Amino acid sequence: MASTCDFMEIENFMNSSSQSNVIYRYLDLLAERTVALEQRVGVDEIRQLRRENRELRDQLVRLDRPAMESLLVFLPVIYRNFWGTVRPDELAQLAGFLDVPVIPSPYPEPGAAIVAAMKKRFLQLPEQERASLIAFCRQLPYQLTVRAEMRALLEST
């Protein structure tokens, strides 16, 4: 009953008030300001979310990209005559690095003992880093020969 009574008092006030047009206009202005404020806040929040999204994507790209040091260490072990096929500047471009690594020429091929030791080191890398290196190897646009000792590693994931 109280709510009906309250409604009646407001309605009586509005009907008896000579300023009802002013009150309705004021309510309309408040509604418009509320909508404008909600839209502006929403736009600012959307901009902030987009900025954070872009930053996270950039971080993800950096995380997914193997470090140049890892590429320099493992690619000549994974592939036979890697540096005879891929130039250092091409590797830098493919890996998205500005600095071109300095590789001695001719680059000596690693022996069986080094390949075995590096295979163990490769297997000890964190899973994300191994996956990143393997993904990089798979996207190389060259006809490279994978060493027999390393073939299973590239085909495993």
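**Entry 1. Asp89 and Arg87**

I looked up Asp89 and found it partly exposed, at a relative accessible area of 29%. The model is a predicted one, and I read every value below with that in mind. I then asked which residue Asp89 pairs with in a salt bridge. The partner is Arg87, and the closest N and O atoms of the two are 2.9 Å apart. Arg87 is itself partly exposed, with a relative accessible area of 46%.

**Entry 2. Glu90**

I turned to Glu90, which lies in helix 5. Is Glu90 buried or exposed? Glu90 counts as buried, because its relative accessible area is 17% and the cut-off for buried is under 20%. The side chain of Glu90 meets that of Arg87 in a salt bridge, at 3.3 Å from N to O. I also listed the contacts of Glu90, leaving out residues up to four places away in sequence, and obtained Thr85 and Tyr142.

**Entry 3. Glu109 and Arg147**

I searched the whole structure for salt bridges and noted three. One of them joins Glu109 to Arg147, with the closest N and O atoms 2.5 Å apart. Where do the two partners lie? Glu109 is in the loop between helix 5 (88–95) and helix 6, while Arg147 is in the loop between strand 2 (145–146) and helix 8 (148–156), so the pair ties together parts that are 38 residues apart in sequence. I compared the accessibility of the two partners. Glu109 is partly exposed, with a relative accessible area of 38%, whereas Arg147 counts as buried at 3%. I also recorded how shared partners link the pairs: Arg87, Asp89 and Glu90 are joined into one network of salt bridges. As general background, I noted that side chains of opposite charge can pair when their charged atoms come close.

**Entry 4. Phe82**

I looked up Phe82, which lies in helix 4 (residues 82–85). Phe82 is buried, with a relative accessible area of 1%. Which residues does Phe82 contact, leaving aside neighbours within four places in sequence? I found Leu75, Pro76, Leu91, Glu109, Leu140 and Leu144. Glu109 thus appears here as a contact of Phe82 as well as in the salt bridge with Arg147. Leu75 and Pro76, for their part, are among the buried residues of helix 3. I also checked a pair separated along the chain: Phe82 and Thr145 are 63 residues apart in sequence, and their C-alpha atoms are 8.3 Å apart in space.

**Entry 5. Helix 3 and helix 6**

I examined how helix 3 (residues 68–78) meets helix 6 (residues 112–124), and their axes come within 10 Å and cross at roughly 125°. That angle makes helix 3 oblique to helix 6. The crossing of the two helices is left-handed. Which residues form the contact? From helix 3 they are Val73, Phe74 and Val77, and from helix 6 they are Val115, Met118, Arg121 and Phe122. Sorted by class, this contact has six nonpolar residues, one charged residue and no polar ones.

I next checked how far helix 3 is covered. Eight of its eleven residues are buried, and helix 3 is therefore mostly covered. I listed the buried ones as Met68, Ser70, Leu71, Phe74, Leu75, Pro76, Val77 and Ile78. Of the contact residues, I found Phe74 and Val77 in that list.

**Entry 6. Ala131**

I looked up Ala131, which is found in helix 7 (residues 127–138). Ala131 is partly exposed, with a relative accessible area of 37%. I measured nothing here but read off a computed separation: Ala131 and Leu154 are 23 residues apart in sequence and 9.3 Å apart in space, C-alpha to C-alpha.

**Entry 7. The chain as a whole**

I closed with the totals. The secondary structure of the protein chain comes to eight helices and two strands. In what order do these elements run from the N terminus? I recorded α-α-α-β-α-α-α-α-β-α. I also noted that buried residues make up 24% of the 157 residues in the protein chain. For contacts with a separation of 6 or more, I found that 70% are between residues 24 or more positions apart. The pairing of Glu109 with Arg147 is one example I had already entered of parts tied together at 38 residues apart in sequence.

Note on methods. Residues numbered from 1 in each chain as written. Predicted model: local features only at pLDDT ≥ 70, side-chain atom pairs only at ≥ 80, totals over all residues. Heavy atoms only, no water. Axes fitted to C-alpha atoms, helices over the stretch in contact; angles between N-to-C directions. Helix = DSSP H or I, 4+ residues; strand = E, 2+ residues; numbered from the N terminus. Parallel < 35°, antiparallel > 145°, perpendicular 65-115°, else oblique. Left-handed = near helix turned anticlockwise from the far one by under 90°. Contact = heavy atoms within 4.5 Å. Nonpolar A, V, L, I, M, F, W, Y, C, P; charged D, E, K, R; others polar. Salt bridge = Lys/Arg side-chain N within 4 Å of Asp/Glu carboxyl O. Buried < 20%, exposed > 50% of the residue type's maximum accessible area, 1.4 Å probe, protein only.
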